[in-house]
Number of protein chains: 2
Amino acid sequence: MVQLDGVARRIIAAIKEQIHSGAYRPGDRLPSTRVFAAEWGASRTTVTAAYGQLIAEGYLIVRPGARAIVAPGLEAASVEMSAPSDLPRNLSAFARRLLALPAPLEPQPARIADFRYGELAGSDFPVLAWRRASNKAILQRSVRLRYGDPQGASHLRGALQGYLWRARGISCAPDQIVIVNGSQQGLDLCARLLLDPGDRFVIENPGYPMARHAFVAAGGVALPLAVDSDGLRTDLLQPARMAYVTPSHQFPLGGVLSASRRRSLLAWAAGTGAYIVEDDYDGEYRHDIAPIPPLQVLGPDSVIYVGTLSKTLSPTLRLGYLVVPVGLRQVFSEAKRLTDRHAPMLEQEALADLLSSGAYERHVRTIRRKNAERREILLQALTDHFGPKVTVVGADTGLHVVAWMDGIDAEHELAIIGAARAAGVGLYPVSPLYDPTEPRPETAGFIIGYAGLDAEALRRGATVLAAVLAEHQFGSAQVHGDR
Amino acid sequence: MVQLDGVARRIIAAIKEQIHSGAYRPGDRLPSTRVFAAEWGASRTTVTAAYGQLIAEGYLIVRPGARAIVAPGLEAASVEMSAPSDLPRNLSAFARRLLALPAPLEPQPARIADFRYGELAGSDFPVLAWRRASNKAILQRSVRLRYGDPQGASHLRGALQGYLWRARGISCAPDQIVIVNGSQQGLDLCARLLLDPGDRFVIENPGYPMARHAFVAAGGVALPLAVDSDGLRTDLLQPARMAYVTPSHQFPLGGVLSASRRRSLLAWAAGTGAYIVEDDYDGEYRHDIAPIPPLQVLGPDSVIYVGTLSKTLSPTLRLGYLVVPVGLRQVFSEAKRLTDRHAPMLEQEALADLLSSGAYERHVRTIRRKNAERREILLQALTDHFGPKVTVVGADTGLHVVAWMDGIDAEHELAIIGAARAAGVGLYPVSPLYDPTEPRPETAGFIIGYAGLDAEALRRGATVLAAVLAEHQFGSAQVHGDR
C-alpha cells in the first residue's frame with residue numbers, strides 16, 4: 001500500500017512553497033521521482049504519492065512518458081492560494097480550514113469520452129415535463145410574493161413523503177422533511193449542527209470527498225474506517241459524534257452494507273448518542289439486486305437521510321432533501337432559514353407537480369432503463385478489451401463502476417490519466433478518494449461514470465483506453481524491480 | 001426608554017418555562033402587567049417589555065382591551081422548544097446559539113391590508129419575460145449536465161457587472177461577483193468566513209434582525225450602535241472584526257449615511273482590519289433623492305457588497321449576489337462550493353437573459369414607478385387620517401416607511417397591533433428591530449411595507465388603522481400618570 005505519510009506531507013508542503021514563492025514556475029519540470037527520492041532520502045513510493053496528491057490538487061500536471069510539470073495559471077492564483085502568509089486578513093477558523101482543503105479537480109474537455117462521475121446526459125433531462133411544470137408554477141404565483149416555509153413548500157413535502165414511501169420504504173411525516181439546495185447543503189447543515197471543532201466523525205475510506213470536506217471545514221476530525229464488499233467495517237467503530245455512510249451503494253467501491261453491520265452501526269449510534277448521516281445518493285439505480293431499505297427505516301431517531309435529485313433530474317437544479325429525526329426538526333428548520341430562508345419556490349413547485357402527477361416516477365423508470373443499457377455496454381466493452389486484466393466493482397447499483405487495473409501499479413495512475421487525456425478520454429483516479437492520512441491502494445484504479453455518455457462514446461472510450469494501455473505497457477514488473 | 005434589562009429577561013425565561021412545563025396552557029390568560037409587576041417587584045414598564053418580547057416570539061398573543069393569553073399551538077411545539085433540558089442530544093454550539101435566537105414572527109392573514117414589509121405584489125412579477133427566459137434556459141441545456149462554477153455562471157456575472165456599473169456605479173471584475181441564494185446566504189457566508197466565536201461585530205440599532213441572527217449564530221458578539229437621520233453613528237465605533245451597515249437606506253429608519261460618516265467608517269475599517277458588509281437591499285428604489293453610490297465604490301478592499309433580486313423580482317426566487325474584495329474571492333468561492341455547490345442554473349440563466357436583453361432594467365423602471373405611486377398613496381392617506389399625530393421617516397427610498405405614533409406610548413404597540421389585526425389590518429412593530437440589550441423607543445412605532453398592496457388596500461388599511469386608534473384612545477397620559 002502507498003502511504004501518504006508524514007514524509008509525503010512534508011514533500012507536498014515543500015513543493016507548494018516552492019511554487020508559491022516562484023522558485024518553480026508554471027511549465028517547469030520537476031525532478032523525476034527517482035531523483036527526488038534520492039535527494040530527500042525518501043522511498044520512491046512516498047514521492048510518487050506526494051506528486052499524486054499535488055496532481056490531484058492541480059499544482060502539477062503529467063504527460064505520458066514525461067516528467068511532472070508545474071501547472072499553468074498558478075502565477076495568478078498564487079497570490080491568493082494557501083501559503084499561510086498570503087491569507088487575506090481576519091479570516092475565521094472555518095475559512096482557514098476551508099482554504100487548507102485540497103482544491104477540487106476541474107473537469108477537462110475530452111474529445112471522445114469523458115468518464116467523469118456525477119454528470120448526466122443533457123438528452124436525459126425531461127425537458128417537456130419540466131417546462132410544463134415550471135410554466136404552471138410561474139403562472140400560479142400567489143397574490144403576495146413572500147418568503148416561504150424554511151423546510152420547503154408543504155405540498156412538495158407531502159408529495160415527497162408519498163414518493164419516499166413508495167420508492168424507498170421510508171415512513172416519515174412531511175414535517176421531518178427539509179428541502180435543501182442539493183445534498184451538499186444537507187451535508188453542510190449536518191456539519192454545522194452536529195459537529196464542534198475537535199469532534200470526531202466516522203467516514204468511509206475511500207469515501208466521498210465533498211462530505212469529508214464539509215465536516216473537516218466545520219472543525220471535525222476524520223476517523224476514516226476501511227470498507228469492504230459489505231460496506232463500512234463496523235467492527236472498527238470508535239466513539240464519535242457522527243458517522244457518514246453510503247449504505248445502499250458505498251461510494252466509490254459499491255459495497256452494500258450488510259444486515260448485521262446495519263444493526264451494529266445503529267447500536268453504536270444508540271450507545272454513543274452519535275447521529276448517522278445516510279447519503280442515499282443513487283438509491284434509484286438498482287440493476288442486478290433487490291431494493292435495499294435505507295438505514296433510516298431501521299433507526300429513524302438516529303439517522304439523517306440525505307436524498308438528491310441530482311442523479312435523476314439534473315445536478316444543475318440544486319434540489320435535494322433531508323429526512324431528519326423528529327427531535328431535530330426545529331433546529332434544521334431554523335438553520336435552513338438562517339442559511340438562505342428556503343429553497344427557490346418555482347423549482348419546488350415544479351418538482352411537486354412532477355411528483356404528484358406521476359411524471360417523476362415515469363421519468364425515473366425511463367432513465368433507469370437507459371442507464372442500465374449504458375452500464376451493459378460499458379461492462380461488455382471492458383470485458384472485450386481488458387478481459388481478466390480489469391476487476392470491476394460496484395456495478396450492481398448506481399451510475400459508476402470502479403475498475404482496478406490488475407497488475408498495474410498505482411504509481412502509473414497519473415501517467416495513464418495523462419495518456420488517456422491526450423487520446424481524448426477523461427479518466428479519474430480512485431486514489432484521491434482515500435483519506436490523505438491512510439494508506440492508498442497498490443493497484444491503479446479508476447472511477448468510471450457512464451450516465452453522461454451515449455453508446456458510441458462508451459465503446460470508443462473503452463477502445464481508446466485499451467489502446468493507451470497497450471501502447472505504454474504500464475506494468476508492475478519494472479516498478480517492483482525498482483523498489 | 002423601555003429597557004429590556006436583566007429583570008425583563010428573567011421574567012421572559014420564567015414565563016417560557018411555565019409554558020413549556022404546562023403550568024400555563026394555550027389560551028390561558030396571563031396576569032395584567034400591573035399585577036405581574038407587583039408580584040415580581042418590577043416596574044410595569046419592565047413587565048410590558050417582557051410581554052412584548054414574548055408576543056414577538058410567538059409565545060403570547062394580545063387582543064384589544066384584554067389581557068395577554070398563551071398562544072395556541074404551543075402544546076405540540078413545547079417538546080422541541082428552547083428549554084435547555086429539552087434540547088436534542090449532541091448539538092453543536094452553533095445549533096444551540098441558533099435555538100436561543102428569538103423565533104421569527106409568522107405572517108398572519110389580514111382581511112383588508114397586510115403592511116408586512118419585504119413582500120411584493122404577485123401582479124408585479126414579470127411573468128411573460130421570466131417564462132420566456134426560463135423556457136429558453138430549459139431548452140438550451142448543455143450536452144452534459146454537470147456542476148457549475150461555484151461563483152455562478154460566467155455570463156450572468158458578466159451581465160451583472162454591466163448592470164452594477166450602470167445602476168450603482170460599481171466597478172468590479174466578474175470574478176469578484178458571487179451569486180448566492182438570496183442576500184441571507186450572502187450574510188451567512190460573511191458570518192462563517194469572517195467571524196469566530198467571541199468576535200465583535202458592529203450592527204446598526206435598530207437594524208435588520210436576520211443579519212444580527214446570522215452573526216450571533218456564528219458566535220459573534222453584537223456591538224449595537226445607534227443610528228440617526230445620517231445613518232450609523234460612526235462616532236461610537238469601537239474595534240470589531242466586522243460592521244454590518246445599510247448605508248443607502250438604513251433599515252428600518254431610513255437614514256442615508258452621510259459622506260463624512262462614510263469616510264469615518266472606511267477609515268475605521270482600514271485602521272482595524274475589519275470588513276464592512278454593505279447590504280444594499282433596496283438600492284433600486286429612490287423616490288425623492290439622487291442616487292447614492294455604494295460604500296463599495298469608495299472602499300473596494302474593505303467592503304463586501306450584498307445585492308438582492310428579492311425587492312425587484314421576487315423574494316421566492318432566492319437570488320442575490322455579493323461583490324467581494326479581490327483578496328476574498330477564493331475563500332468565498334470555496335465556501336459557496338462547500339455550502340451547496342452553486343446557485344440553481346436555470347434561474348441563473350433566466351436572470352442573465354433578462355439582464356442582457358435589457359428586460360430587467362425595463363422591469364425595474366416599471367416597478368419603481370408603481371412603488372412610487374403606492375408610496376404617494378400611503379403617505380397621503382397617513383396625512384389625511386393622522387395629520388401631525390404621526391411622524392413618518394425613511395420615505396425617501398425603499399419600499400417601507402416607519403410611522404411613529406406621536407403621543408402614544410410604546411407600551412401600547414402590542415394592543416394596537418392586536419386591535420388592528422382584529423379589524424383586518426396586519427401591522428408590525430419597530431421595537432423588535434432594536435437590540436435586545438439596548439433601550440427601546442418610548443413612542444409606539446410601526447414599520448409599514450407598501451410594495452405588496454394595491455391602492456385600495458393602502459387607503460382602506462390607513463382608514464381602518466385610524467378608526468382603531470380613535471376607538472381605543474391609546475395615549476401617553478394615563479401611562480405617564482401610572483409610572
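Trainee: Where is Asn90(A) found?

Mentor: Asn90(A) is in the loop between helix 4 (74–78) and helix 5 of chain A. Keep in mind throughout that this is a predicted model.

Trainee: What makes the phi of Asn90(A) worth a remark?

Mentor: Its phi is positive, about 55 degrees, and Asn90(A) is not a glycine. Most residues other than glycine have a negative phi, so the value stands apart from that general pattern.

Trainee: Which peptide bond is cis at Pro206(A)?

Mentor: The bond that joins Asn205(A) and Pro206(A), with omega about 0 degrees. Pro206(A) sits in the loop between strand 8 (200–205) and helix 9 of chain A. A second cis bond joins Phe251(A) and Pro252(A), where omega is about 5 degrees. Pro252(A) belongs to the loop between strand 11 (242–245) and helix 10 (259–272) of chain A. Most peptide bonds are trans, which is why cis bonds are pointed out.

Trainee: How is chain A divided into domains?

Mentor: Domain 1 covers 6–79, domain 2 covers 110–118 + 364–472, and domain 3 covers 125–362. Domain 2 is therefore written as two segments, as the assignment gives its bounds.

Trainee: How do you know that domain 2 of chain A and domain 3 of chain A are in contact?

Mentor: Contact requires heavy atoms within 4.5 Å. By that rule 29 residues of domain 2 of chain A are in contact with 27 residues of domain 3 of chain A, so the two domains do touch. Their centres, taken over C-alpha atoms, are 27 Å apart.

Trainee: What area do domain 2 of chain A and domain 3 of chain A bury between them?

Mentor: About 2,500 Å², with 57% of it on carbon and sulfur atoms. On the domain 2 side, Val364(A), Thr397(A) and Leu433(A) supply 24% of the area buried against domain 3 of chain A, more than any other three residues.

Trainee: Why is the pair Arg212(A) and Asp435(A) called a salt bridge?

Mentor: The cut-off is 4 Å between a side-chain nitrogen of Lys or Arg and a carboxyl oxygen of Asp or Glu. In Arg212(A) and Asp435(A) the closest N and O atoms are 2.8 Å apart, so the pair qualifies. The rule finds one salt bridge across the interface of domain 2 of chain A and domain 3 of chain A. It also finds 14 residue pairs in polar contact there.

Trainee: Which element gives the largest share of the side of domain 2 of chain A that touches domain 3 of chain A?

Mentor: Helix 14 of chain A, with eight residues. By class, that side of domain 2 of chain A has 15 nonpolar, eight polar and six charged residues.

Trainee: How many residues of chain A are in contact with chain B?

Mentor: 89 residues of chain A are in contact with 89 residues of chain B. The two chains bury about 7,800 Å² between them, 55% of it on carbon and sulfur atoms. Within chain A, Arg144(A), Leu145(A) and Leu338(A) lose the most area to chain B, together 10% of what that side buries.

Trainee: What makes Arg144(B) and Glu119(A) a salt bridge?

Mentor: Their side chains meet at 3.0 Å, N to O, which is within the 4 Å limit, so the term applies. The count between chain A and chain B is eight salt bridges, and 43 residue pairs are in polar contact. Helix 12 of chain A gives the most to the side that touches chain B, nine residues. That side of chain A divides into 42 nonpolar, 23 polar and 24 charged residues.

Trainee: Why do strand 6 of chain A and strand 5 of chain B count as paired?

Mentor: Pairing needs at least two bridges. Two bridges join strand 6 of chain A to strand 5 (residues 120–121) of chain B, so the condition is met; the strands run antiparallel. Leu145(A) stands opposite Leu120(B).

Trainee: What makes strand 7 and strand 10 of chain A edge strands?

Mentor: Eight strands of chain A form an open sheet in the order 7-14-13-12-11-8-9-10, with mixed pairing. Strand 7 (177–180) and strand 10 (231–232) of chain A each pair on one side only. Inside the order, four bridges join strand 12 (residues 275–279) of chain A to strand 13 (residues 303–308) of chain A, and these run parallel. Ile276(A) stands opposite Val303(A).

Key:
Residues are numbered from 1 along each chain as its sequence is written. Chains are lettered from A and ligands numbered from 1 in the order in which they are written. This is a predicted model: local features need pLDDT of at least 70, side-chain atom pairs count only at pLDDT 80 or more; totals for chains, interfaces and linings use all residues. Side-chain values use heavy atoms; hydrogens and water are left out. Buried area is the accessible area (1.4 Å probe) that two parts lose on being put together, summed over both. A polar contact is a pair of N or O atoms within 3.5 Å; within protein, one must be able to donate a hydrogen and the other to accept it, and residues adjacent in sequence count only if both atoms are side-chain atoms. Ala, Val, Leu, Ile, Met, Phe, Trp, Tyr, Cys and Pro count as nonpolar, Asp, Glu, Lys and Arg as charged, and the others, Gly among them, as polar.
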